[in-house]
Amino acid sequence: MAKKYEFAASLYREDDYRGSGTLELPFTWSEYQDALEKARATDIKTPVTIELTYTKRECLRPHTMDINDGTFSDIRDLLELNLLAQRLDDMDDVMRECFEAQVALEQKSLNPGESIPFARLVNLTYQTKDCIYGSGSRTYAELGQFLFENDMLPEDVLDKTIALTGSFDMEIPEEWLTLVGRQHFETHGGVFTKAGYFECPTDIPEVYKRGEMVYFDRSGAPVVLEVGNPYSDEHSGEFVTLDLPATDNKLAYVLKAIDAESIEECVWRCIDCLIPTAMEWIAWEDDFYATSQFADFLYELER
C-alpha cells in the first residue's frame with residue numbers, strides 16, 4: 001500500500017552551501033537522515049531552513065503554507081508536521097473527512113489571520129473516531145432526514161414529526177425537515193462540508209505534547225517489511241512487521257501470525273530501509289531471498 005503523501009519540504013543550510021534535501025511527508029527515519037546528508041546538515045548544530053513546498057489538503061494550507069510563507073527553522077516543526085502526516089496516512093477516507101471537518105470547526109473560533117498550531121492539528125487526529133458523520137447531508141433538510149432515519153431526534157420532535165404524516169412510512173414535508181435540521185445544527189454546533197454533515201467533539205485532550213512523543217517508531221533494522229497473506233480469509237488485508245535480516249524463528253512467527261505456509265505465497269511492502277532509494281526496488285522485488293540477502297549486505301556494511 002503506497003503512502004498518501006500529505007506534504008513536501010526542502011531543507012537548506014543557512015550558509016553559503018547550496019545543497020538541499022527534499023522530503024515527501026510522511027517520511028521514515030532513514031529518509032530524514034538521507035535528506036539531512038544531502039543538505040550537509042547532519043551536525044545537530046548546523047542551522048537549517050525548512051521550506052514547505054506542497055500541502056495536499058486545502059483545509060491545511062492556511063495552517064501550514066501561510067505560516068511564515070511556508071518556511072521555518074526549528075527542525076521540530078518538520079518532525080511535528082511529519083507526525084501529522086503519519087497520522088493522516090493511517091486513516092481511512094471517512095476518518096480523513098472527519099479530520100477535515102474538525103479543522104473547519106476549529107477555524108470558526110479563530111480570529112482572522114490566526115492559524116491552528118501543529119500540535120493542535122495532531123491532537124485533532126485522535127478524535128476523529130468520535131465524530132458523527134451524516135454522509136451526503138449537505139443541507140438542513142438532508143440533515144433532518146438523516147436524524148430521523150437514524151433515530152437521533154429528541155422524543156418530542158420525533159412525536160411531532162410522526163404526527164405530521166401519521167406514519168413512519170409517509171414522506172415528511174421538506175419544510176419540517178429543514179426546521180429540524182437547522183435547530184439541530186445550531187444547537188450542536190456542527191459543520192457542513194462537501195462530504196456531508198459532521199458533528200465533532202470540541203473538548204480535545206492533549207494526547208500529543210511537543211517534545212514528549214517519539215517521532216519515529218524505528219527498530220533500527222537495515223530493512224523493514226510489512227508482510228501479508230492475500231490467500232487467507234481470516235487475515236486478508238492484515239500485515240505483520242518483519243525486520244531484516246530475520247532469524248528462522250522470527251520468520252516462522254510472522255508466517256504463523258498471518259496463517260501462511262511459506263514466504264513465497266505472501267506479499268510485502270517496504271516501510272523503511274537504510275538506503276531510502278532502495279525502497280522502490282524492494283517493493284517490486286518478487287524474490288524474498290534477494291531482499292533478505294540485500295538486508296544482510298546492509299547489516300554487514302553498517303557494522
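Visitor: How many aromatic pairs does the structure hold?

Guide: In general, a pair of aromatic rings is described by the distance of the centres and the angle of the planes. Rings of Phe, Tyr and Trp (its six-membered ring) pair if their centres lie within 6.5 Å; planes under 30 degrees apart count as stacked, over 60 as edge-to-face and the rest as tilted. There are 13 aromatic pairs in the structure. The model is a predicted one: local features need pLDDT of at least 70, side-chain atom pairs count only at pLDDT 80 or more, and totals for chains, interfaces and linings use all residues. Residues are numbered from 1 along each chain as its sequence is written, and side-chain values use heavy atoms, with hydrogens and water left out.

Visitor: Which residues form one aromatic cluster?

Guide: One aromatic cluster is formed by Y140, F185, F192 and Y197.

Visitor: Which charged ends sit over the rings of Y126 and W29?

Guide: A charge sits over a ring if NZ of Lys or CZ of Arg is within 6 Å of the ring centre and within 35 degrees of the ring normal. R87 places its charged end over the ring of Y126, 3.7 Å from the centre. R218 does so over the ring of W29, at 3.5 Å from the centre.

Visitor: What is the strand order in the open sheet that contains β5?

Guide: Strands of a sheet pair through backbone hydrogen bonds, either parallel or antiparallel. Two strands pair if DSSP finds at least two bridges between them. Helices (H or I, at least four residues) and strands (E, at least two) are DSSP runs, numbered from the N terminus. This open sheet of 3 strands has the order β5-β7-β6, with antiparallel pairing. At the edges stand β5 (132-135) and β6 (191-193), each with a single partner strand, so one side of each is left without a neighbour in the sheet. From one strand to the next, the twist averages 20°. Axes are lines fitted to C-alpha atoms, for helices over the stretch in contact, and angles run from 0 to 180 degrees between N-to-C directions.

Visitor: Over how many bridges do β6 and β7 pair, and which helices pack on the sheet?

Guide: β6 and strand β7 (residues 196-199) pair in the antiparallel sense over 3 bridges. F192 has Y197 in β7 as its bridge partner; both residues also belong to the aromatic cluster. Helix α3 (residues 93-108) packs on the sheet and touches β5, β6 and β7, its direction making about 125° with that of β6. Helix α5 also packs on the sheet, touching β5, β6 and β7, and its direction makes about 115° with that of β5. Contact means heavy atoms within 4.5 Å.

Visitor: At what angle do α5 and α7 pack?

Guide: Helix α5 (residues 140-149) and helix α7 (residues 174-188) pack at an angle of about 85°, with their axes 6 Å apart. That makes α5 roughly perpendicular to α7. Angles under 35 degrees count as roughly parallel, over 145 as roughly antiparallel, 65 to 115 as roughly perpendicular and the rest as oblique. The residues of α5 that meet α7 include Y140, L143 and L147, and those of α7 include L177, V180 and F185.

Visitor: What is the order of the sheet that contains β8?

Guide: The order is β9-β8-β10 in an open sheet of 3 strands, with antiparallel pairing. Its edge strands, β9 (240-244) and β10 (267-273), each pair on one side only. The twist averages 30° from one strand to the next. Strand β8 (residues 223-228) pairs with β9 in the antiparallel sense over 5 bridges, and V223 stands opposite L244 in β9.

Visitor: Where are the cis peptide bonds that involve P245 and P26?

Guide: A cis peptide bond joins L244 and P245, with omega about 0°; P245 lies in the loop between β9 and α8 (248-257). Another cis peptide bond joins L25 and P26, with omega about 10°, and P26 is in the loop between β2 (20-25) and α1.

Visitor: Is S30 buried or exposed?

Guide: Buried means under 20% relative accessible area, exposed over 50%, partly exposed in between (1.4 Å probe, protein chains only). S30, in helix α1 (residues 29-38), counts as buried because its relative accessibility is 5%. Not counting residues up to four places away in sequence, S30 touches D272, C273, L274 and P276.

Visitor: What is the phi of D151?

Guide: D151 has a positive phi of about 55° although it is not a glycine. D151 is in the loop between α5 and α6 (155-165) and is exposed, with a relative accessible area of 61%.
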